[in-house]
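Ready for some practice in reading a protein model? Work through the exercises below with the structure in view, and try each task before you read its solution.

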Amino acid sequence: MTTLDTPVDAVADAFSGAGPGAAVEAVDELTFLGFVEHAANEAHHRLPDLDHTSMQLVLTLSRIASAVTYDIESSVHRPAGWSWAGFRIMFALWVAGPREAKTVASLTGMSRAAVSNLLRTLIRDGYVARRTHPDDARAIEVRLTPSGAAQLVPVFAQHNAREAAWAAVLDDEEKSQLLNLLNKLSARGREPWVRQRD
């Protein structure tokens, strides 16, 4: 029987399997990143047919991405006066040039509603400006202002220094290997069965 065919009651029983409080003390001592191994081992113990390695891989990727994002946002972007999401929009406009808001949403992986809300703040603060598209009077595009670019560039240098600090645990060959593996995994995201944000 595949895990997709596992009856709901069996799954519920499996996740209530360790007696009350059995693992509470151990979990309380764990950290956000340290929780991954514990979670993977517990899930494997309770549902042995799970793909344990894939679960640990995806959970690790997710948690490291979250930890890196929080670290860089709190140490670099919040002090600069914007959020990580605001930085993503400004960075996209910096490297891709003026774009319609729907394209910015696609480039940043955010919803159109989120981009629209963030653009209002970035425009208010003078980092981004709206203008009529030069080739289509019906379309509105957004662009990074000179002030926005002047603010972004030194902050991005700090951002990159923080990235380098995270990556410093790897040597050059390991960085290349990891990047190749992540690119291989990233290509999976372009397959038709993978759900994409509209």
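Rings of Phe, Tyr and Trp (its six-membered ring) form an aromatic pair if their centres lie within 6.5 Å; planes under 30 degrees apart count as stacked, over 60 as edge-to-face and the rest as tilted. This is a predicted model, where local features need pLDDT of at least 70 and side-chain atom pairs count only at pLDDT 80 or more, while totals for chains, interfaces and linings use all residues. Residues are numbered from 1 along each chain as its sequence is written, and side-chain values use heavy atoms, with hydrogens and water left out.

**Exercise 1. Aromatic rings**

Find how many aromatic pairs the structure holds, and describe the pair of Trp82 and Tyr127.

Step 1: The structure holds seven aromatic pairs.

Step 2: Trp82 and Tyr127 make an edge-to-face pair, with 5.2 Å from centre to centre and 90° between the planes.

Step 3: Place the two residues in the chain. Trp82 is in the loop between α4 (52–80) and α5 (84–96), and Tyr127 is in the loop between α7 (112–124) and β2, so the pair links parts of the chain 45 residues apart. Helices (H or I, at least four residues) and strands (E, at least two) are DSSP runs, numbered from the N terminus.

Step 4: Check burial, where buried means under 20% relative accessible area, exposed over 50% and partly exposed in between (1.4 Å probe, protein chains only). Trp82 counts as buried because its relative accessibility is 4%, and Tyr127 counts as buried because its value is 12%.

Step 5: Look also for the aromatic cluster formed by Trp84, Phe87, Phe91, Trp94 and Phe156.

**Exercise 2. The sheet**

Work out the strand order of the sheet and which strands stand at its edges.

Step 1: Two strands pair if DSSP finds at least two bridges between them. The three strands form an open sheet in the order β1-β3-β2, with antiparallel pairing.

Step 2: β1 (99–100) and β2 each have a single partner strand, so they stand at the edges, with one side of each left without a neighbour in the sheet.

Step 3: Follow β2 (residues 128–133), which is joined to β3 by six bridges. Ala129 stands opposite Arg143 in β3, and His133 has Asp136 as its bridge partner. A hairpin of two residues connects β2 to β3.

**Exercise 3. Thr145**

Is Thr145 buried or exposed, and which residues does Thr145 touch?

Step 1: Thr145 sits in the loop between β3 (136–144) and α8 (146–167).

Step 2: Its relative accessibility is 11%, so Thr145 counts as buried.

Step 3: Contact means heavy atoms within 4.5 Å. Leaving out residues up to four places away in sequence, Thr145 touches Gly126, Tyr127, Val128 and Ala129.

Step 4: A polar atom of the Thr145 side chain lies 2.6 Å from the backbone oxygen of Gly126.

**Exercise 4. Helix α8**

Compare the expected span of α8 with the distance between its end C-alpha atoms.

Step 1: The expected span of a helix is 1.5 Å times one less than its number of residues.

Step 2: For the 22 residues of α8 the expected span is 32 Å, and the end C-alpha atoms are 31 Å apart, which agrees.

Step 3: Locate the buried residues of α8, including Gly148, Leu152, Val155 and His159. Among what covers the buried residues of α8 are α4, α5 and β3.

Technical notes: A polar contact is a pair of N or O atoms within 3.5 Å; within protein, one must be able to donate a hydrogen and the other to accept it, and residues adjacent in sequence count only if both atoms are side-chain atoms.
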